Amino acid sequence: MRRLACLCLAVAALLLGAALAPGAPPKESPVAGAERRSRAMSGRELYVAYCASCHGLEGLGDGPAAEAMRMRPTDLTQLSHRYGGRFPTARVQRLLGGVEGLPAHGGKRMPVWGPVFIPLSPADGQAAALVDRLVHYLESLQKPPGGR
Ligand code: HEC
């Protein structure tokens, strides 16, 4: 009888241990995972991940999805030229951060690149840092009209 009680206690302890043991860490959501990976990306990598499918690997507006669009994606190497010779930093910041939207980008609330660049609060430095990296990369692509 005593032995049985001992056995029962041991089994109970084992079960309790299994229930309390820290299991695998909770799985990260795909969105959170994408955001975490994005934080380690350079401007060029962010561009290739989120913009190149439409705007093309070199920014010329000739990405693989461009053909399927009714509107031609803008040639991003000509942004400065189109904006009077000055790179439109504030405009691009607003487009990425969800302050302004383009229908071709899915509008403000559902940008085609997802929520990565939208700050969670006005003090969200991480989103702002990603936007800055991508803006600097786009600025580095600028070419004179007709120039390659
Ligand atoms: C689904 C395709 C698609 C993706 C992905 C996309 N764009 Fe665009 N983008 C377009 C199209 C189409 C236009 C032209 C829209 C128009 O003229 O109204 C455009 C226009 C622009 C413009 C010009 C805005 C202006 O002031 O005239 C900028 C800047 C731009 N995109 C930046 C980006 C950046 C940066 C990314 C990645 C974070 C990106 N786009 C991803 C399709 C796309």
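Reader: Is the crossing of α6 and α7 left-handed or right-handed?
Author: The crossing of α6 and α7 is right-handed (the near helix is turned clockwise from the far one by less than a right angle; anticlockwise would be left-handed). This is a predicted model, in which local features need pLDDT of at least 70 and side-chain atom pairs count only at pLDDT 80 or more, while totals for chains, interfaces and linings use all residues. Residues are numbered from 1 along each chain as its sequence is written.

Reader: At what angle do the axes of α6 and α7 cross?
Author: They cross at roughly 135 degrees and come within 10 Å, α7 being residues 125-140 (axes are lines fitted to C-alpha atoms over the stretch in contact, with angles from 0 to 180 degrees between N-to-C directions). The two helices are therefore oblique (neither under 35, over 145, nor 65 to 115 degrees).

Reader: Which residues of α6 and α7 meet there?
Author: T89, V92, Q93, L96 and G97 in α6 meet A127, V131, L134, V135 and L138 in α7 (C-beta atoms, placed from the backbone, within 7 Å). These residues divide into seven nonpolar, three polar and no charged (Ala, Val, Leu, Ile, Met, Phe, Trp, Tyr, Cys and Pro are nonpolar, Asp, Glu, Lys and Arg charged, the others polar).

Reader: And how do α3 and α7 cross?
Author: The axes of α3, residues 43-50, and α7 come within 8 Å and cross at roughly 90 degrees. The two are therefore roughly perpendicular to each other. On the α3 side, G43, R44, L46 and Y47 meet L130, R133, L134, H136 and Y137 of α7. By class, this contact has five nonpolar, two polar and two charged residues.

Reader: How many helices and strands are there in the protein chain?
Author: The protein chain has seven helices and zero strands (DSSP runs of H or I, at least four residues, and of E, at least two, numbered from the N terminus).

Reader: What follows α7, and is P144 buried or exposed?
Author: P144 lies in the segment after α7. P144 is exposed, because 11 other C-beta atoms lie within 10 Å (exposed means 12 or fewer, buried 20 or more, partly exposed in between). The C-alpha atoms of P144 and T77 are 8.3 Å apart, although 67 residues separate them along the chain. Of the 148 residues in the protein chain, 16% are buried.

Reader: Which residues come nearest to the ligand?
Author: Among the 21 residues around the ligand, C51, C54, P73, T74 and A104 come nearest (C-beta atom within 6 Å). Two or more residues of this shell come from each of α4 (52-55) and α6 (89-97). By class, the shell has 16 nonpolar, four polar and one charged residues.

Note on methods:
Contact = placed C-beta atoms within 7 Å.
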